[in-house]
Amino acid sequence: MTLILGIDPGSRITGYGVVRDTGRGCEYVASGCIRTGAGELHERLQIVFRGVGEVIRTYEPVTMGIERVFMARNADSALKLGQARGAAIVAAAEAGLEIAEYTASQVKQAIAGTGGADKQQVQMMVMHLLKLVQKPQIDASDALAIALCHAHHRQSLIPHGLATAKRRGGRLRL
């Protein structure tokens, strides 16, 4: 059984979700949001870094999936999102976690069956797949979806002997 951390990065709210991959499916472990408040950007990034580090110390996942940055209409927002994402990645790298990146459409495709699913569709599928009775916060739900996507991708690599392969330059290295 593998514990997987999913991160939905944000400079104001970073969602996290932890699932246990049993090999036959995933079980819910924990989820929540790291709220940074309205301070200076460097203070908010430090909160993201420390918050992700605390989640890692608490649940001890071995691998992490994180959403890739997409270019939004507002370049400033995209840059801040990228910096929050970097803070989360460094926290995971410092803890020795394997890290995988997924686009929003890859996550939606893996969870809802279509890359164009909206947040509510993804949230409902997360609830169904993890047998949750209450809706998680939307950022936490997105993070759980990323963790489930990562579990799905890891499982698809196992029959081919590639589960322990490393990614370098976007390619799998055995």
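Which backbone nitrogen does a side-chain oxygen of Asp-118 reach at the start of α4? In this predicted model, the side-chain oxygen of Asp-118 comes to within 3.1 Å of the backbone nitrogen of Gln-120. The report returns to α4 below, after an account of the overall fold and of the annotated residues.

**Overall architecture**

The protein contains five helices and seven strands. Read from the N terminus, the order of elements is β-β-β-α-β-α-β-α-α-α-β-β. The chain has 174 residues, of which 43% count as buried. Among the contacts with a separation of 6 or more, 57% join residues 24 or more positions apart.

**Annotated residues**

An unreviewed UniProt entry lists Asp-8, Glu-67 and Asp-139 under "active site". These residues are spread over 132 residues of sequence, yet they cluster in space, with a largest C-alpha distance of 11.7 Å. Glu-67 is also listed by UniProt (unreviewed entry) under "binding site".

Asp-8 lies in strand β1, which covers residues 2-8. With residues up to four places away in sequence left out, Asp-8 touches Glu-67 and Asp-139, and also Ile-13, Thr-14, Gly-15, Asp-142, Ala-143 and Ile-146. Glu-67 belongs to strand β4, residues 63-67. Its contacts beyond four places in sequence are Ile-7, Asp-8, Pro-9, Arg-85, Tyr-102, Ala-104 and Ile-146. Ile-146 is thus a contact of Asp-8 and of Glu-67.

Are Asp-8 and Glu-67 buried or exposed? Asp-8 is buried, because its relative accessible area of 5% is under the 20% cut-off. Glu-67 also counts as buried, at 16% relative accessibility. The table sets these two residues beside Val-48, a residue of helix α1 described in the next section.

| Residue | Element | Relative accessibility |
|---|---|---|
| Asp-8 | β1 (residues 2-8) | 5% |
| Glu-67 | β4 (residues 63-67) | 16% |
| Val-48 | α1 (residues 41-59) | 0% |

**Helix α1 and Val-48**

The 19 residues of α1 should span 27 Å at 1.5 Å a residue, and the end C-alpha atoms are 27 Å apart, so the two values agree. Buried positions in α1 are Arg-44, Leu-45, Val-48, Gly-51, Val-52, Gly-53, Val-55 and Ile-56. These buried residues pack against β1, β2 (13-21), β3 (26-35) and α2 (75-94). Just after the helix, Glu-60 has a positive phi of about 55°.

Within α1, Val-48 is buried at 0% relative accessibility. Apart from neighbours within four places in sequence, Val-48 is in contact with Gly-10, Thr-14, Ile-34, Thr-36, Ala-84, Ala-87 and Ala-88. Val-48 and Ile-13 are 35 residues apart along the chain, and their C-alpha atoms are separated by 8.6 Å. Thr-14 is therefore a point shared by two neighbourhoods, being touched by buried Val-48 and by Asp-8.

**Helix α4**

Helix α4 comprises the twelve residues 119-130 and reaches 16 Å from its first C-alpha to its last, close to the 16 Å expected at 1.5 Å a residue. Its buried residues are Val-122, Gln-123, Val-126, Met-127 and Leu-130. Viewed down the axis of α4, these residues fall within an arc of 140°, so they line one face of the helix. The helix is followed by Lys-131, whose phi is positive, near 55°.

**Nonpolar cores**

The largest nonpolar core has 20 residues, and those with the most contacts inside it are Val-19, Val-107, Ile-111, Val-126, Leu-130 and Leu-148. At least two residues of this core come from each of β5 (98-102), α3 (104-112), α4 and α5 (138-157). The largest share, seven residues, is supplied by α5. A second, separate core of 18 residues includes Val-18, Val-52, Val-55 and Ala-88.

Two of the well-connected residues of the largest core, Val-126 and Leu-130, are also among the buried residues of α4. Val-107 touches Tyr-102, Ala-145, Ile-146 and Cys-149, leaving out residues up to four places away in sequence. Tyr-102 and Ile-146 are likewise contacts of Glu-67. In the second core, Val-52 and Val-55 are buried residues of α1, while Ala-88 is a contact of Val-48.

Conventions:
Residues are numbered from 1 along each chain as its sequence is written. This is a predicted model: local features need pLDDT of at least 70, side-chain atom pairs count only at pLDDT 80 or more; totals for chains, interfaces and linings use all residues. Side-chain values use heavy atoms; hydrogens and water are left out. UniProt positions are given in the numbering used here, feature names are shortened, and annotations may be inferred rather than shown by experiment. Helices (H or I, at least four residues) and strands (E, at least two) are DSSP runs, numbered from the N terminus. Buried means under 20% relative accessible area, exposed over 50%, partly exposed in between (1.4 Å probe, protein chains only). Contact means heavy atoms within 4.5 Å. The expected span of a helix is 1.5 Å times one less than its number of residues. The arc is that of the directions from the helix axis to the C-beta atoms. A polar contact is a pair of N or O atoms within 3.5 Å; within protein, one must be able to donate a hydrogen and the other to accept it, and residues adjacent in sequence count only if both atoms are side-chain atoms. A nonpolar core is a set of buried Ala, Val, Leu, Ile, Met, Phe, Trp, Tyr and Cys residues joined through side-chain atoms within 4.5 Å.
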